[in-house]
Amino acid sequence: MGILKGLKILDFSALLPGPMATMIFADLGAEVIHVESSKRVDLTRIMPPYDDDHEAYIHQHLNRSKKSLTLNLKSPEAVEIVKSLVHEYDVIIEGFRPGVMQRLGIGYEALKEINPKVIYCAITGYGQTGPYSNRPGHDNNYLSLAGVLDYSRHKDKKPVSMGIQLADIAGGTMHAAIGVLAAALHREKTGEGQYVDISMTDAVFSLNAMYGAAYIGGGRVPQPEQEILNGGSYYDFYKTKDGRFFSVGSLEPQFRKLLCEALDIPELIDNTFNDSYYTQIRFKEAVHDAFLSKTYNEWLEVFNEDFEGCVEPVLTFPEACEHPQLKARGMIVDIPKSDGTTQKQIASAFKFDGAQPEYRHVGAKLGEHNEEVLSALGFSAEEIAAFKDKGVLE
């Protein structure tokens, strides 16, 4: 049994932040209906590569275990369908710009009149208030305004576009998931619903937990490659003789000692973060030069599974998929498809004692569950057919 069994969610979001949050909920047992439109196609549905049915793998991952209901939200009948669903599916997650759901007649206040226990979570770039509330943006924009990217780069170099969408996921997805679960616990205690306003810019700004706190409290402006954890110390990445990289995180004295012994620079074991800037640079240069003396595979033998000094290879994603630690943790799983086959996907990262994630099916085809959802609401086959003819079901 999923640990979130009984939680029922209507997901009006698209792209990454909202769908990944509702995927987490679905993996943990929640029932999720993804409300979509054929006229406003989620870009993840058309991002290659595709399977044999021309379904995008990215969409099939982010929307697994969810039902797909296609509605023309501009039609009064579709609005009434949503309102009927809210009696039971009383957690709403949406990613429209502020005011869109209100104009459609299914904003928080309208749905709260129908079900006072409704939990409504809006994920936006800048939040529901402020001068940027209606401004469009993407992950790199939010990271830029949050003050993250300027000190997360090399000196005299431009910021790097990351493979993981940090503002979308750490900012939007995770904060939305925490916010909804906090609201659900509050509802359990009080019977009250809640409006959850998630700004990805707010959320990623709050992730400046170390250097942001140092600036606000002590006035120290974080600089590129000047701080302990952004390249200003030997905590960094180092190239091997054949052009691969290793990460070095050997900050504590006991780990630094192991690093120096492995790199054959024992004379630098006693270096500390309190040494002069010149000494710090000398130590980093010594680590840099040492790594250039051997190939990637040669260093793998040195920094093997028995080494405990916080040094790891920078793996390609295919290599990560085959790493024994990730394989032991079951981080790639087989997800059922409608044709009886399975598709490999990244697993849920949550591990519970006595409750396992549930993987019911890959992301559904557009509108795949229209009849099932509407029949459960009491609509007849004739009424559902009429909805199709009138364009209520897109």
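This is a short tour of selected helices, loops and residues in a predicted model.

**Stop 1: helices H1 and H7**

Select residues 17-27, which form helix H1, together with residues 166-190, which form helix H7. Their axes come within 8 Å and cross at roughly 45°. That angle makes H1 oblique to H7. The crossing of H1 past H7 is right-handed.

Now show the side chains at the contact. From H1, pick Pro17, Met20, Ala21, Ile24 and Phe25. The residues they meet in H7 are Asp168, Ile169, Gly172, Thr173, Met174, Ala177, Val180 and Leu181. By type, the residues of this contact divide into 10 nonpolar, two polar and one charged.

**Stop 2: Glu36 in strand E2**

Go to strand E2, residues 31-36, and select Glu36. Is Glu36 buried or exposed? Its relative accessibility is 6%, so Glu36 counts as buried, the cut-off being under 20%. To see what surrounds Glu36, add Arg45, His59, Ser68, Leu69, Thr70, Leu71 and Leu366, which Glu36 touches when residues up to four places away in sequence are not counted.

**Stop 3: the loop between E2 and H2**

Move to the loop between E2 and helix H2 (57-62), where Pro49 is placed. Select Pro48 along with Pro49 and look at the peptide bond from one to the other: it is cis, with omega near 5°. Most peptide bonds are trans.

His54 is in the loop between E2 and H2 as well. Its phi is near 60°, a positive value in a residue other than glycine. Most residues other than glycine have a negative phi. With a relative accessibility of 55%, His54 counts as exposed.

**Stop 4: Glu225**

Next, select the loop between helix H9 (211-218) and strand E7 (236-239), and find Glu225 there. Glu225 also has a positive phi, near 55°.

**Stop 5: helix H10 and its buried side**

Select residues 253-263, helix H10. Which residues of H10 are buried? They are Arg256, Leu259, Cys260 and Leu263. These residues cover an arc of only 95° around the axis, and therefore sit on the same side of H10.

To see what the buried residues of H10 pack against, show strand E8 (245-248), helix H11, helix H12 (296-302) and strand E9 (311-313). Then step past the end of H10 to Asp264, which follows the helix and has a positive phi, near 60°.

**Stop 6: H10 against H11**

Keep H10 in view and add residues 277-291, helix H11. The axes of H10 and H11 come within 10 Å and cross at roughly 45°. H10 and H11 are therefore oblique to each other. H10 passes H11 in a left-handed crossing.

At the contact, Arg256, Leu259, Cys260 and Leu263 in H10 meet Phe283, Val287, Ala290 and Phe291 in H11. The residues of this contact divide into seven nonpolar, no polar and one charged.

**Stop 7: Leu268 between the two helices in sequence**

Finish in the loop between H10 and H11 by selecting Leu268. Leu268 is buried, with a relative accessible area of 3%. Add Cys260, Arg282, Phe283 and Ala286, the residues that Leu268 touches when those up to four places away in sequence are not counted. For a distance to check in the viewer, take the C-alpha atoms of Leu268 and Lys257: these residues are 11 residues apart along the chain, and the two atoms are separated by 8.6 Å.

Technical notes. Residues numbered from 1 in each chain as written. Predicted model: local features only at pLDDT ≥ 70, side-chain atom pairs only at ≥ 80, totals over all residues. Heavy atoms only, no water. Axes fitted to C-alpha atoms, helices over the stretch in contact; angles between N-to-C directions. Helix = DSSP H or I, 4+ residues; strand = E, 2+ residues; numbered from the N terminus. Parallel < 35°, antiparallel > 145°, perpendicular 65-115°, else oblique. Left-handed = near helix turned anticlockwise from the far one by under 90°. Contact = heavy atoms within 4.5 Å. Nonpolar A, V, L, I, M, F, W, Y, C, P; charged D, E, K, R; others polar. Buried < 20%, exposed > 50% of the residue type's maximum accessible area, 1.4 Å probe, protein only. Arc of directions from axis to C-beta.
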